[in-house]
Amino acid sequence: MSKAPTSSTRARLDQFRDASLPFVTRMFRGNRLRRYLAVSLVLGLLSVLIGAWLSFGAGGFEQDMRRELDLEQSSWERERAEFTVTVHDGYMYEQLTAERDRILVAGASLSDYSMLADERERAYATLYTALTMGAPAQYAGLEADIRTLLETHPPTRYDIDNAQWQYGQEARDWQFDWYAPAERLRLQAIVDQELVPEVVFYTSPLSFADGVRLTGAVAGGFVVLLMLIVAPLASGATVAQEVHENTLQPVLGTRLRPVDIVTGFTAAGVGLAGVLAAPSFLVMLLAGVFAGHIANLVPFLLLLPAASLFLVLFTQLVGFGLGRRWSSGIVATLLTGALCMLMLFSVGIGMNLEDDMVGLIAMMPPVGLVHGLRELFVPHMRLSAAETQHALVIISVSVVGLSVLAYVMSRALTRRIEGRTQASITRLEGLLAAAVSMVLALAVVPEFDANDAVPAYFVSLGLVAFAWQLILAGRVPVGDGPSTLRTLPLRGIMLEFAAFVGMHAGLLILVFGPSAVPVAPMGAFHLLWALVVLALLAVRLVALPTNILGSLFAMVCYGAICFEMVCAGVTAATASDSGFSPHPFVLFEASAVLGVAQLVLTVVIPLALVRALRKGSAGVV
Amino acid sequence: MRVELNAISKTYDGSTFAVRDVDLTIPSGSILGLIGPNGAGKSTALRMVATVMEPTGGTIAYDGQVATDAASHQALRSQIGFLGDGNPLYKDMTATEYLTFFGQCFGLRGPSLRTKVDEVLATFSLGNKANARCKALSKGMRQRLLVARCLLHDPSLLILDEPADGLDPRGRSDLRTIVGQIRDRGVTVIISSHILRELDDLCDQVAILQQGTIVVSGEVDSIIERYEVSRLVYELRILGGLEQAREILSRRRVLIESEAEADGLTALSLQVQGDDAAVADMLAELCGAGVRVVTCSRVRSRLEDVYNRLSEDQVN
């Protein structure tokens, strides 16, 4: 018996409905809903048509696509194994069939320029190559059949006494493997067909079930594109437009809370993509249930909403930030470019996911979706069983991680829309987001071998640094007032950042063991400097207004951070090498001037950042 | 709803105040006119009253209750209709869609929402533009639509920041009538303008804001009395009898501010001490003495006189 929803659940559902209704109604106002439904039906129909075309089309493009998806052998392999000539053209088929009939029935000789003649020459080469290599004892019968065939059908191109030598000459590059079943199959086909290749008119070898699977994959592709591009784009562009045209202010004066407004934006974007994707989703679901590898449907269905929600909220934050300065058109163009690039990379990686790339799913959720879709409909079996399990674990971690990050972003956006002077995220939310991003970054590391501790640390640190900067930026109090009125809790923010760094290092020590930690004091100094400047820079960019000079200084800081990170990495990696000890300020090794510049920048950059924060705010505590 | 502002302040840059130590009490069911030149801090003050902006200092009490947290602000917003300064519209929405969106934002649903939308469209004479896109509406119509939006949820406090911006004389007159009707329903109205004649006959109370501070506030009549502005300024246009007119006006202690010739008529700008009855008596005497009076019209309100006395700013 199903349990009745509690009053608080019902209240939450009511709140969600009240918050979503105005924005969803606005999204589907007038005859827009009808138009979107028509587009969604067209997309659903298109997925079926494209699926059927790719499955059963006899054209070269469709054949190549099926080949790329490992759904059929290449024509060359098929022709070679079955001793056939495959043609796509009806006229050519008639010509070659007539020629073959003339040979078989009337005993006519082959034209020198015929495709059949070419294939027969290749057959002679195969036969003589096989004889040259010498058959193992168990295939002596087949070898005898070949000799008989060559006696009854001697080659015309070379003199019979020289034929073996001539074809053998060509065979030097080819080799022949008597133990390869496909090669023996070819020999048998040549013998059976007495050196006259069969003419085959090309048709797709896929079955109806294959067709259903491919249709499901196409429909699933549409669903992924709509949920990961259209939904985030619609939400982000709407927020940018509201901010840019200041239409959010009247909405803030209504009964809706800022959190309701964020819910509304999210529901409208996801609702639009949902309506557009509904028929395609149905096609995918039916195809998955009837012909797909159904076990793979569950991770796909869990990851899809989490990834979509994450991107929807991320683009809303981007739209809110950029919308103040740029119009929604510019923001939408930027978002479209970024999302399309993400999808392009994801399709490229996800379609051919190798064992050591499985961890990328954690940092690029669309990779997991493309991979999931492939595993659901056309598994390529490239992953080992262990890596398949690994991928499932990472997808599960990603679902939880993305959901947590989406929640934190929704809280940040709510506080920004509210407009009061406060930090965008709380300390707890910051810690949660930092921990999640750290776990997702560590998931990318392919192997936790003790020898790889240093690279694993720096790779994961590099991946998570951007996320940590965003989190620190969210911890800086901002609002409608000027920065000079706000006191900056810099000490607290830096301590929180130290906690992030400590958590990351602690977890890696736990995984690799304390013995994997290199003894490299100078490396630690470089690392500490880079991390401190990274944190100060994140605070500086959000807390104070930035002009062109400030932006240039920030770029210099980023360059210095990257340089110091590399120095730290190299120093740590070579710590055990007693013969190698780089200069603490490595640019001294290139020139004294550069060395002094490095030394000066090392001192000046953090001091300048702290000074700017002190000067631009009401105080630093 | 009774609204009390206690030492409300707002600063954007930490040094200069957009609004400073504003104390005001607005009785329930009255209309307060907030007067001041552009940049005086009217919009900032109204945003704070509408709970969409946080004051830097001071408190605002609504029916005696001070809203301190987000939840209480949220509850208050169901009772407040707020038309902000320079309120933009969703240009691609029709008037009905726009009102429906905001009706839903205020929690209205189904038939009651449709009825309310139709009602405000009719009230603001926008019925024939119900399905026109906002970008196709004239500026006056857009302004009417914005005001209409504020009344969808029957607020008990209506805050209108420069509502007559873009309205033609007929529109302004209609707005005054509508605001009067709203007040009659017991709704408290706060209305700002830098055009004093808009507020002259409409407001029960006025507050004059200059450089973020209230320079004078109270009931209109008491302010006029306090600043000894018991005169009315009229323009009298006559066709003949100028000498007789001068003599009568001098005897009745009417000050002639200026004399000019226009369209073959003599135009006299007069300061009349007293009320409308004094003007009627003066006109009767002029006509009785053979002065050929063509028109007599009021050219300046008493509020403008008060304002001019308080400030060097020339308002409208």
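This tour passes through chain A of a predicted model and then turns to the contact between chain A and chain B.

**Chain A as a whole**

Begin by selecting chain A and displaying it as a cartoon, in which 23 helices and 4 strands can be traced. The radius of gyration of this chain is 33 Å, whereas the globule rule gives 25 Å for 621 residues; chain A is therefore more spread out than a compact globule. Orient the view along the principal axes, where the C-alpha atoms of chain A fill a box of roughly 100 × 75 × 50 Å.

**Interior and contacts of chain A**

Next, colour chain A by burial: of its 621 residues, 48% are buried. If contacts are drawn for pairs with a separation of 6 or more, 79% of those in chain A join residues 24 or more positions apart.

**Surface and charge of chain A**

Now switch chain A to a surface representation. About 29600 Å² is exposed, and carbon and sulfur atoms supply 66% of that area. Select the charged side chains of chain A, which comprise 41 positive and 49 negative ones. The centres of these two sets lie 22 Å apart.

**The contact with chain B**

Finally, bring chain B into view and select the residues in contact across the two chains: 34 belong to chain B and 30 to chain A. Between them, chain B and chain A bury about 2700 Å², with carbon and sulfur atoms giving 54% of this area. On the chain B side, display B:Gln74, B:Tyr90 and B:Cys105 as sticks; these residues lose the most area to chain A and together account for 19% of what that side buries.

Technical notes:
Residues numbered from 1 in each chain as written. Chains lettered and ligands numbered in written order. Predicted model: local features only at pLDDT ≥ 70, side-chain atom pairs only at ≥ 80, totals over all residues. Heavy atoms only, no water. Helix = DSSP H or I, 4+ residues; strand = E, 2+ residues; numbered from the N terminus. Rg over C-alpha atoms; globule rule 2.2 N^0.38 Å. Buried < 20%, exposed > 50% of the residue type's maximum accessible area, 1.4 Å probe, protein only. Contact = heavy atoms within 4.5 Å. Areas by Shrake-Rupley, 256 points an atom, 1.4 Å probe, with all protein chains shown as cover. Lys, Arg positive; Asp, Glu negative; His and termini not counted. Charge placed at Lys NZ, Arg CZ, Asp CG, Glu CD. Buried area = accessible area lost by both parts, 1.4 Å probe.
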